[in-house]
Amino acid sequence: MTSKRILVTGGAGFLGSHLCERLIGEGHEVLCVDNFFTGRRFNVASLLEHPRFELMRHDVTFPLYVEVDEIYNLACPASPVHYQFDPVQTTKTSVHGAINMLGLAKRTRAKIFQASTSEVYGDPAIHPQVESYWGNVNPIGPRSCYDEGKRCAETLFFDYHRQHNLGIKVARIFNTYGPRMHPNDGRVVSNFIVQALEGRDITIYGEGTQTRSFCFVDDLIEGFVRLMATDKAITGPMNLGNPVEFTMRELAELVIEVTGSKSKLVYAPLPVDDPKMRRPDISYARRELGGWEPKVPLKTGLEKTAAYFEKTLSGPSGR
């Protein structure tokens with residue numbers, strides 16, 4: 001395998017740090033770029049002394065002038081708590097960030113990967129979601145900065161592909177969890193585990209009947225790498241996630257079992273525009289990525305994630 005110089009934006013974040021480790025392990029040089037809004041230096045601490053790893057503080061809303069062979073564009077806060085904190089900046093990160101990274105890819109003729117999201121489907125009217133579905137998104141709601149920002153980024157990627165013959169890969173990521181999630185990111189897996197470990201009541205929004213499909217981070221990163229390695233004809237968008245569906249109540253009960261917590265379930269109103277269902281159809285990924293599909297069962301993944309949170313919550317990298 002030929003060693004490449006690979007740029008990972010958002011590389012100190014949850015997904016980015018796991019991707020950097022994977023790429024270093026495969027013998028590549030990795031330039032990790034992050035503005036540390038949600039990413040943390042702690043996430044890549046094990047790589048800082050590695051001779052093929054470089055960490056750069058940079059915001060992708062500004063141009064970046066480097067020489068690379070491939071680009072993974074993961075930069076953008078991905079949890080409602082973080083992306084709603086500064087919604088204008090969230091949209092700028094998705095849109096200006098895409099423009100800047102696509103410009104870099106055009107100049108260097110690098111292949112470029114976009115970490116898109118299942119949120120492009122909004123509150124879906126079809127289930128499970130297939131890539132041909134255009135979505136049901138509120139363009140002016142509190143989640144729109146993320147949903148519409150990512151939709152616009154996809155538009156830009158495909159326009160650069162058509163207009164400049166750029167090699168693109170677009171992945172639509174469904175709920176992913178695992179070690180290095182931020183304990184305060186507001187996402188359901190981290191919320192439930194932290195509440196259980198701290199012996200607090202577990203908060204379920206709505207009646208707990210809304211569903212999600214949870215993919216362990218190692219399975220997702222395997223999908224990333226396989227998609228990037230496909231030939232130029234495979235551009236996506238491609239769903240990457242776990243097609244096994246759970247209700248929020250089922251997830252909460254499994255978290256209590258895994259952590260041995262005595263937490264009780266309490267209920268709160270459903271947030272605005274929160275999707276009622278989310279499950280990917282991964283037929284396209286199975287077909288084009290050599291039979292890829294998630295292998296880590298939810299209980300096993302939750303055990304690993306809970307062990308990480310238990311170890312880090314009280315340390316300097318925790319809250």
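In which sense do strand 1 and strand 4 pair, and over how many bridges? Strand 1, residues 5-9, and strand 4, residues 70-73, pair in the parallel sense, and four bridges join them. This is a predicted model. The points below go from the sheet to the helices and then to one residue, S94.

**The sheet**
- The sheet is open and has seven strands, paired in parallel in the order 3-2-1-4-5-6-11.
- Strand 3 (53-57) and strand 11 (238-240) are the edge strands; each has a single partner strand, so one side of each has no neighbour in the sheet.
- From one strand to the next, the twist averages 20 degrees.
- Within the pairing of strand 1 and strand 4, T9 has N73 in strand 4 as its bridge partner.

**Helices on the sheet**
- Helix 3, made of residues 87-108, lies across strand 1, strand 4 and strand 5 (111-117).
- The direction of helix 3 is at about 170 degrees to strand 4.
- Helix 4, made of residues 144-164, also packs on the sheet, where it touches strand 5 and strand 6 (168-173).
- The directions of helix 4 and strand 5 make an angle of about 155 degrees.

**Residue S94**
- S94 is part of helix 3.
- Is S94 buried or exposed? S94 has a relative accessible area of 4%; the cut-off for buried is under 20%, so S94 counts as buried.
- Apart from neighbours within four places in sequence, S94 is in contact with C76, G149, K150 and A153.

Conventions: Residues numbered from 1 in each chain as written. Predicted model: local features only at pLDDT ≥ 70, side-chain atom pairs only at ≥ 80, totals over all residues. Heavy atoms only, no water. Pairing = 2+ DSSP bridges. Helix = DSSP H or I, 4+ residues; strand = E, 2+ residues; numbered from the N terminus. Axes fitted to C-alpha atoms, helices over the stretch in contact; angles between N-to-C directions. Contact = heavy atoms within 4.5 Å. Buried < 20%, exposed > 50% of the residue type's maximum accessible area, 1.4 Å probe, protein only.
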